[in-house]
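Q: Hello! Please give me a close look at side-chain pairing in this model, and then place it in the wider chain.

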Amino acid sequence: MKLIESLFARNDGRTAAGAEEAPLLFAYTRQMAIDDGVLIDVTTTAAEAGFCIPVAVTAAVWAECIAVPAGVSGQDEGGRLWDVLTMLRLAIRGPDRDG
């Protein structure tokens, strides 16, 4: 959180010089990335895990962390996704302040 706060403090709400008048050259939306397969929407499972915002993972994260590797038994993508989301939630929350 300190990093994000420091980035916003540096910007101080200012826009880059001339950016207000600059034409938009290209926009690539979240939905476009999902439609292209670049992002995979995991919002439903994320909501069950306690997230209150839409969540997506990249196709690379899915392939590396969520897809069950060949030859591995006793695991499924749903369980692995839950594990990834749980670790993300814990990382966002930060270290335990009680101990």
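A: Three words will help us along: a residue is buried when its relative accessible area is under 20%, exposed when that value is over 50%, and partly exposed in between. Please keep in mind that this is a predicted model.

Let's start with the cysteines. The structure holds zero disulfides; in other words, no two cysteine sulfur atoms come within 2.5 Å of each other. Cys65 has a relative accessible area of 36%, so this residue falls in the partly exposed class. Cys52, with 78%, counts as exposed.

Now for the charged side chains. Side chains of opposite charge can pair when their charged atoms come close. How many salt bridges does the structure hold? There is one, and its partners are Arg30 and Asp41, with 3.2 Å from N to O. Arg30 belongs to helix α2, which covers residues 30-36, while Asp41 belongs to strand β1, residues 39-41, so the bridge ties together parts that lie eleven residues apart in sequence. Are these two partners buried or exposed? Each falls in between: Arg30 is partly exposed at 34% relative accessibility, and Asp41 is partly exposed at 40%.

To place that pair, step back to the whole chain. You will find five helices and two strands, and from the N terminus their order is α-α-β-α-β-α-α.

Next, the nonpolar side chains. The largest nonpolar core has eleven residues, among them Val42, Ala46, Phe51, Trp62, Ile66 and Leu85. Helices α4 (59-66) and α5 (77-93) each supply at least two residues of this core. One core member to click on is Phe51. Leaving aside neighbours within four places in sequence, Phe51 is in contact with Ala46, Leu85, Leu88, Arg89 and Ile92. Of these partners, Ala46 and Leu85 also belong to the core.

Finally, some totals for the chain. Of its 99 residues, 15% count as buried. The accessible surface comes to about 7800 Å², and carbon and sulfur atoms account for 61% of that surface. As for contacts between residues at least 6 apart in sequence, 29% join residues at least 24 apart.

To put the pairing story together: there are zero disulfides, and there is one salt bridge, which joins Arg30 to Asp41.

Methods: Residues numbered from 1 in each chain as written. Predicted model: local features only at pLDDT ≥ 70, side-chain atom pairs only at ≥ 80, totals over all residues. Heavy atoms only, no water. Buried < 20%, exposed > 50% of the residue type's maximum accessible area, 1.4 Å probe, protein only. Salt bridge = Lys/Arg side-chain N within 4 Å of Asp/Glu carboxyl O. Helix = DSSP H or I, 4+ residues; strand = E, 2+ residues; numbered from the N terminus. Contact = heavy atoms within 4.5 Å. Areas by Shrake-Rupley, 256 points an atom, 1.4 Å probe, with all protein chains shown as cover. Core = buried A, V, L, I, M, F, W, Y, C linked by side-chain atoms within 4.5 Å.
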